[in-house]
Amino acid sequence: MAQQPLTRIGLAGLAVMGQNLALNIADKGFPISVYNRTTSKVDETVERAKEEGNLPLYGFHDPEAFVKSIQKPRVIIMLVKAGAPVDQTIKALSAYLEKGDCIIDGGNEWYENTERREKEVAELGLLYLGMGVSGGEEGARRGPSMMPGGSIEAYKYIEDILLKVAAQVPDSGPCVTYIGKGGSGNFVKMIHNGIEYGDMQLIAEAYDVLKSVGKLTNEELQSAFTEWNKGELLSFLIEITADIFGIKDDKGDGYLVDKVLDKTGMKGTGKWTVQQAAELSVAAPTIEASLDARFLSGLKDERVEAAKIFKSGGFSDILTDQHVDKKQLIDDVRKALYAAKICSYAQGMNLIRAKSVEKGWGLELGELARIWKGGCIIRAIFLDRIKQAYDRNANLANLLVDPEFAKEIIDRQSAWRRVKGKVAG
Ligand SMILES: NC(=O)C1=CN([C@@H]2O[C@H](COP(=O)(O)OP(=O)(O)OC[C@H]3O[C@@H](n4cnc5c(N)ncnc54)[C@H](OP(=O)(O)O)[C@@H]3O)[C@@H](O)[C@H]2O)C=CC1
Ligand SMILES: O=C(CO)[C@H](O)[C@H](O)COP(=O)(O)O
């Protein structure tokens with residue numbers, strides 16, 4: 001490889017997130033060195049950098065050459081699988097790092113692992129950040145939401161990069177801020193994911209009510225969700241839900257959504273959120289129910305067997321014969337979904353507040369709502385209202401008692417009750 005000037009930053013771990021974040025950083029004009037344990041991914045990333053506009057991205061097959069290609073103090077972002085792979089990557093890189101250099105874990109890591117590693121690398125004179133990154137492949141490439149926590153000195157080294165690489169929201173700025181000390185960045189990202197679980201479950205239940213009780217067709221479902229996405233529910237998850245109803249199965253007849261197996265798993269952040277809720281004695285019923293729903297959805301074979309047993313025992317489909325005013329039901333479900341969403345976010349924010357008090361992190365909840373407004377999976381217009389609630393009162397005990405949210409819940413309770421009634425049959 002020809003001699004090249006030292007790069008500004010390094011990134012190790014070139015799967016979906018790492019590859020796209022590295023290209024994003026290069027695209028914003030910061031020369032970057034990249035490395036991956038399996039070297040074919042290095043070559044793949046270098047090839048993409050060429051194709052996507054000759055971006056200043058340089059690949060290395062060997063950790064020593066990789067580390068030495070970065071200007072001092074060196075900053076390296078890791079985007080590898082959480083757990084042991086992070087320890088192994090730190091070990092491989094720290095052999096060549098020098099005092100004052102900095103390691104950033106951009107993965108979905110358990111916050112206590114970050115706190116342990118921060119102490120371990122401090123013994124080598126290295127700085128450490130745990131930085132949650134949200135937005136999936138597209139967000140990483142075009143602008144994610146990032147939640148860096150740990151060494152403020154390390155954050156200052158790369159603040160200029162993060163501010164440019166993050167999603168930019170016109171009225172509220174880049175979707176990144178220094179979160180706080182220790183593992184706070186990972187903790188906040190974990191709760192973000194718990195909220196994401198809650199959002200996805202609420203949308204799934206809204207879909208189920210409209211389909212099972214309202215007998216809406218996919219065209220009607222798409223139209224309802226598209227309308228919802230123009231108002232208070234405007235969000236990435238509602239937008240992609242509307243889109244999926246319009247996609248035809250390219251391998252057979254009908255719509256893709258009707259062919260998708262109703263079975264899911266999870267990688268762990270939602271489970272950690274619920275475990276933390278129990279540890280902190282904070283009620284988080286929506287997030288807990290969404291985790292339970294994932295457990296149950298995984299038991300597809302058992303559910304099919306159970307349905308046969310109940311049907312043969314005379315348990316009929318109680319929803320079939322209800323009279324339904326579709327327009328009224330769509331409107332009621334929209335209001336119920338919004339009210340339930342307020343409750344779910346209130347639970348997530350309560351968890352962050354409780355942990356912040358326990359750890360002395362001093363987290364600013366309004367600022368978290370601001371950096372979730374763009375780039376991340378839970379991005380939504382609704383986060384503006386949460387930011388405003390904390391601007392009105394930074395010490396708000398619960399989002400539900402903010403006067404505006406309280407009014408929104410009260411205004412929607414009749415609709416919410418009607419949906420409950422319809423579902424109960
Ligand atoms: N995928 C997503 O949409 C999102 C993921 N995240 C988080 O970001 C992180 C990266 O995610 P993603 O890009 O999906 O990648 P994966 O979580 O699938 O991890 C794959 C990467 O980890 C590396 N790796 C695995 N084991 C080791 C090891 N023992 N030593 C060194 N490297 C190892 C792989 O290297 P190799 O190629 O050699 O196997 C590869 O680079 C994870 O923590 C994930 O939870 C966060 C937000 C969204
Ligand atoms: O972190 C994320 C977004 O912010 C990813 O969506 C993550 O992959 C969530 O995984 P799962 O739902 O399987 O736990």
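1. A good place to start is the pair S4 (75–78) and S5 (102–105): the two strands run parallel and are joined by 4 bridges. Strands count as paired here if DSSP finds at least two bridges between them. Helices (H or I, at least four residues) and strands (E, at least two) are DSSP runs, numbered from the N terminus. Within this pair, Val-75 faces Cys-102 of S5. Between the two strands the chain passes through H4, and this β-α-β crossover is right-handed. Right-handed here describes a path from the first strand over the helix to the second that runs clockwise when the strands point away from the viewer.

2. Before going on, a word on the model and its numbering. This is a predicted model, in which local features need pLDDT of at least 70 and side-chain atom pairs count only at pLDDT 80 or more, while totals for chains, interfaces and linings use all residues. Residues are numbered from 1 along each chain as its sequence is written, and chains are lettered from A and ligands numbered from 1 in the order in which they are written.

3. S5 has a second partner, S6 (127–134). S5 and S6 are also parallel, with 4 bridges, and Cys-102 sits opposite Leu-127 of S6. Together with helix H5 (residues 111–122), S5 and S6 form a right-handed β-α-β unit. Which residues cover the two faces of S5? Cys-102 and Ile-104 lie on one side, Ile-103 and Asp-105 on the other, and all are buried. Buried means that 20 or more other C-beta atoms lie within 10 Å of the residue's own; 12 or fewer makes a residue exposed, and anything in between partly exposed, with C-beta atoms placed from the backbone.

4. Strand S3 (residues 57–60) is covered on both faces as well: Leu-57 and Gly-59 on one side, Tyr-58 and Phe-60 on the other, are all buried. S3 runs parallel to strand S2 (residues 32–35), to which 4 bridges join it; Val-34 has Gly-59 as its bridge partner. With helix H2 (residues 40–51), S2 and S3 make a right-handed β-α-β unit.

5. Now for the wider layout. The domain assignment, which is automatic or from a database, splits the protein chain into domain 1 (9–182) and domain 2 (192–424). Their C-alpha centres are 32 Å apart. How many residues of each domain are in contact with the other? The contacts involve 22 residues of domain 1 and 18 residues of domain 2, where contact means that the C-beta atoms, placed from the backbone, lie within 7 Å. On the domain 1 side, S6, helix H6 (136–142) and strand S8 (168–169) each give two or more residues. That side has 8 nonpolar, 13 polar and 1 charged residues. In this grouping Ala, Val, Leu, Ile, Met, Phe, Trp, Tyr, Cys and Pro are nonpolar, Asp, Glu, Lys and Arg are charged, and the others, Gly among them, are polar.

6. Ligand 1 has 23 residues around it, of which Ala-15, Arg-37, Thr-38, Pro-85 and Gly-107 come nearest. A residue belongs to such a shell if its C-beta atom, placed from the backbone, lies within 6 Å of the molecule. Helix H1 (16–27), helix H4 (84–94) and S6 each supply at least two of the residues. By class, the shell has 9 nonpolar, 10 polar and 4 charged residues.

7. Where does ligand 2 lie? Ligand 2 lies between domain 1 and domain 2, because both give residues to its shell. The residues around ligand 2 include Asn-108, Ser-134, Glu-196 and Lys-267. H8 and H11 each contribute at least two residues to this shell, which divides into 2 nonpolar, 6 polar and 2 charged.

8. Some backbone details deserve a look. Most residues other than glycine have a negative phi, and most peptide bonds are trans. Lys-72 and Pro-73, however, are joined by a cis peptide bond with omega about -10 degrees, and Pro-73 is in the loop between helix H3 (63–68) and S4. Lys-215, not a glycine, has a positive phi of about 55 degrees; this residue is in the loop between helix H8 (184–213) and helix H9 (218–228). Lys-215 counts as partly exposed because 14 C-beta neighbours lie inside 10 Å.

9. Finally, visit the loop between helix H11 (269–280) and helix H12 (285–298), where Val-282 lies. Ser-281 is in this loop too, and has a positive phi of about 55 degrees without being a glycine. Is Ser-281 buried or exposed? Ser-281 counts as exposed, since it has 7 C-beta neighbours inside 10 Å. Val-282 is partly exposed, with 16 other C-beta atoms within 10 Å.

Note on methods: Contact = placed C-beta atoms within 7 Å.
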